[in-house]
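Hi,

Here is the structure I promised to pass on to you. Have a look at it first, and then read my notes below.

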Amino acid sequence: MGKALNLTILCVAVVASLSVWFAATAAVADLISNGLMTSAQGGLLTSAVQAGFVGGTFASAALGLADRFRTTRLFAAGCAVAGVATLLLPVVEPAGWATLGLRALAGAAMAAVYPVGMKMASTWAKGDLGLLVGILVGSLTLGSASPHLVNGLIGTLPWTTVYLVAGALCLSAGLLILAFREGEAGFARTVFRLRDIGEAWRSPQLRLANLGYIGHMWELYAMWAWIGAFLQHGPLELQGAKASLMVFLIVAAGLPGAVLAGLAADRFGRCETAALAMLTSGLCAVAIGPAAGFAPALALALALLWGFSVVADSAQFSAIAIEVAPRQLTGTMLTIQTSIGFLVTIAAIQALPWLLPYAGWSQAFALLAIGPFLGVIAMLRLRRLQRAQRG
């Protein structure tokens with residue numbers, strides 16, 4: 001029960017804390033409908049969090065925070081900063097610089113939550129590391145999908161309510177995580193040296209795992225960001241609550257994908273599982289646009305399969321990093337991996353609408369397939385390297 005209880009505490013705390021990240025998705029509809037911001041300004045709310053997270057993870061990696069401080073206290077501190085930054089949003093100009101600054105600050109604080117949470121989960125691993133990290137990633141995925149469920153079932157909530165609830169949930173997560181206890185595979189705090197950051201690229205196994213993660217992230221967040229627009233404005237033309245609920249199902253499909261892939265990776269191999277997931281998601285990215293033009297039911301089925309497979313590989317890159325990184329640098333290596341991955345998401349999210357006028361929905365998503373296909377190559381090379389090292 002100790003393992004189950006502590007992992008439940010961790011997953012609940014991660015979802016509750018990351019509610020500040022998802023808050024913009026839920027709040028922006030009310031802000032736009034009330035004339036408080038434009039669609040372009042609404043997009044900046046999400047971009048500010050992404051940019052803040054990248055900056056926060058770079059700073060955390062440079063200072064070695066995830067390996068120098070007790071994980072529960074670092075997690076709680078991140079929640080406190082992000083929670084307060086979110087609670088202040090209703091008292092500043094909704095589309096002003098103060099709002100963007102607070103959103104970026106909340107994103108930066110998440111650098112003390114998500115990568116650290118994966119390290120915390122790994123302390124309970126006993127031959128099931130892929131599953132444990134998969135459960136954590138699945139929890140994050142469910143949280144990402146939740147605003148679409150709210151919009152589909154309840155409708156648009158007042159933006160002030162969204163921010164206040166999200167901030168309160170984040171502060172509650174900071175208190176809850178203090179009850180978490182590490183498992184037997186705990187980590188001792190270490191003295192960090194700045195040159196240790198280079199281990200993420202000096203180590204061939206870490207380098208290949210990070211390259212696979214970059215390919216995965218090129219696809220993931222751009223798919224999440226634009227699948228709703230594809231359903232509403234592409235050939236399928238879904239509208240209103242129906243579109244919101246479909247987006248929820250597509251994104252939430254990543255939860256069983258992450259868990260089942262974790263089980264498979266622990267039994268059959270992480271590289272093989274991640275490569276199969278990326279091959280599947282990449283093929284979905286290529287096929288979904290053309291399918292929507294002549295077989296809407298097939299396109300929706302592909303969308304669900306895409307949502308399932310696009311998250312399935314995610315946890316395994318982190319699990320590989322945990323397994324192959326020097327133990328005293330585990331937290332820093334995870335932080336670097338997430339940092340470079342989320343940096344790539346910013347470019348991918350912006351690249352897709354630039355391509356749309358030229359390629360249309362029938363071909364635009366194919367751009368995203370580049371990432372997972374390159375990720376497959378990285379995983380196959382890593383498998384070959386690991387087999388060679390085992391003799």
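**Helix 3 and its neighbours**

Let's start with a quick check on helix 3: it has 25 residues, and at 1.5 Å a residue these should span 36 Å, which agrees with the 37 Å between its end C-alpha atoms. Keep in mind as you read that this is a predicted model.

Which residues of helix 3 are buried? They are Gly-42, Leu-45, Ala-48, Val-49, Gln-50, Gly-52, Phe-53, Val-54, Gly-56, Thr-57, Ser-60 and Ala-61. Just after the helix comes Gly-64, with a positive phi near 65 degrees.

Now for what helix 3 packs against. Two packed helices are described by the angle between their axes and the distance between the axes. For helix 3 (residues 39-63) and helix 17 (residues 330-359), the axes come within 8 Å and cross at roughly 155 degrees. Angles over 145 degrees count as roughly antiparallel, so helix 3 is roughly antiparallel to helix 17. Their crossing is left-handed.

If you want to find this contact on screen, look in helix 3 for residues including Ser-47, Gln-50, Phe-53, Thr-57 and Ala-61, and in helix 17 for residues including Thr-332, Ile-336, Phe-342, Ile-346 and Gln-350. By class, the contact of helix 3 with helix 17 has ten nonpolar, ten polar and no charged residues.

Helix 2 (residues 19-33) packs on helix 3 too, at an angle of about 165 degrees and with the axes 9 Å apart. That makes this pair roughly antiparallel. Here the crossing is right-handed. From helix 2, the residues Trp-21, Ala-24, Val-28, Leu-31 and Ile-32 meet Ser-39, Gly-42, Leu-45, Thr-46, Val-49, Gln-50 and Phe-53 of helix 3. Sorted by class, the contact of helix 2 with helix 3 has eight nonpolar, four polar and no charged residues.

**Helix 16 and helix 14**

Why can we call helix 16 (residues 314-324) largely enclosed by the rest of the structure? Because nine of its eleven residues are buried. The buried ones are Ser-314, Ala-315, Gln-316, Phe-317, Ser-318, Ala-319, Ile-320, Ala-321 and Ile-322.

Helix 14 (residues 270-294) packs against helix 16 at about 155 degrees, and their axes are 10 Å apart. The two are therefore roughly antiparallel to each other. They cross in a left-handed way. On the helix 14 side you'll find Arg-270, Cys-271, Ala-274 and Met-278, which meet Gln-316, Phe-317, Ala-319, Ile-320 and Glu-323 in helix 16. This contact of helix 14 with helix 16 has six nonpolar, one polar and two charged residues.

**A few single residues to click on**

Try Trp-159 in helix 9 (residues 159-176). Its relative accessibility is 12%, so Trp-159 counts as buried, the cut-off being under 20%. Trp-159 and Ala-27 are 132 residues apart in sequence, yet their C-alpha atoms are 4.5 Å apart in space. Setting aside neighbours within four places in sequence, Trp-159 is in contact with Ala-27, Asp-30, Leu-31, Leu-36, Leu-89, Pro-90 and Pro-94.

Then there's Leu-231, in helix 11. Is Leu-231 buried or exposed? With 0% relative accessibility, Leu-231 counts as buried. From Leu-231 to Asn-210 is 21 residues in sequence and 32 Å in space, C-alpha to C-alpha. Not counting residues up to four places away in sequence, Leu-231 touches Leu-236, Glu-237, Leu-238, Ala-243, Met-246, Val-247, Ile-250 and Leu-300.

One of those contacts, Glu-237, deserves its own click. Glu-237 sits in the loop between helix 11 (204-233) and helix 12 (240-252). Its relative accessibility is 58%, so Glu-237 counts as exposed. Glu-237 has a positive phi of about 55 degrees, although it is not a glycine.

Last up is Ala-258, which belongs to helix 13 (residues 254-268). Ala-258 is buried, at a relative accessible area of 0%. Residues up to four places away in sequence aside, Ala-258 touches Gly-134, Val-137, Gly-138, Val-311 and Ala-312. Between Ala-258 and Met-333 there are 21 Å in space, C-alpha to C-alpha, and the two are 75 residues apart in sequence.

Cheers

Methods:
Residues are numbered from 1 along each chain as its sequence is written. This is a predicted model: local features need pLDDT of at least 70, side-chain atom pairs count only at pLDDT 80 or more; totals for chains, interfaces and linings use all residues. Side-chain values use heavy atoms; hydrogens and water are left out. Helices (H or I, at least four residues) and strands (E, at least two) are DSSP runs, numbered from the N terminus. Buried means under 20% relative accessible area, exposed over 50%, partly exposed in between (1.4 Å probe, protein chains only). Axes are lines fitted to C-alpha atoms, for helices over the stretch in contact, and angles run from 0 to 180 degrees between N-to-C directions. Angles under 35 degrees count as roughly parallel, over 145 as roughly antiparallel, 65 to 115 as roughly perpendicular and the rest as oblique. A crossing is left-handed if the near helix is turned anticlockwise from the far one by less than a right angle, and right-handed if clockwise. Contact means heavy atoms within 4.5 Å. Ala, Val, Leu, Ile, Met, Phe, Trp, Tyr, Cys and Pro count as nonpolar, Asp, Glu, Lys and Arg as charged, and the others, Gly among them, as polar. The expected span of a helix is 1.5 Å times one less than its number of residues.
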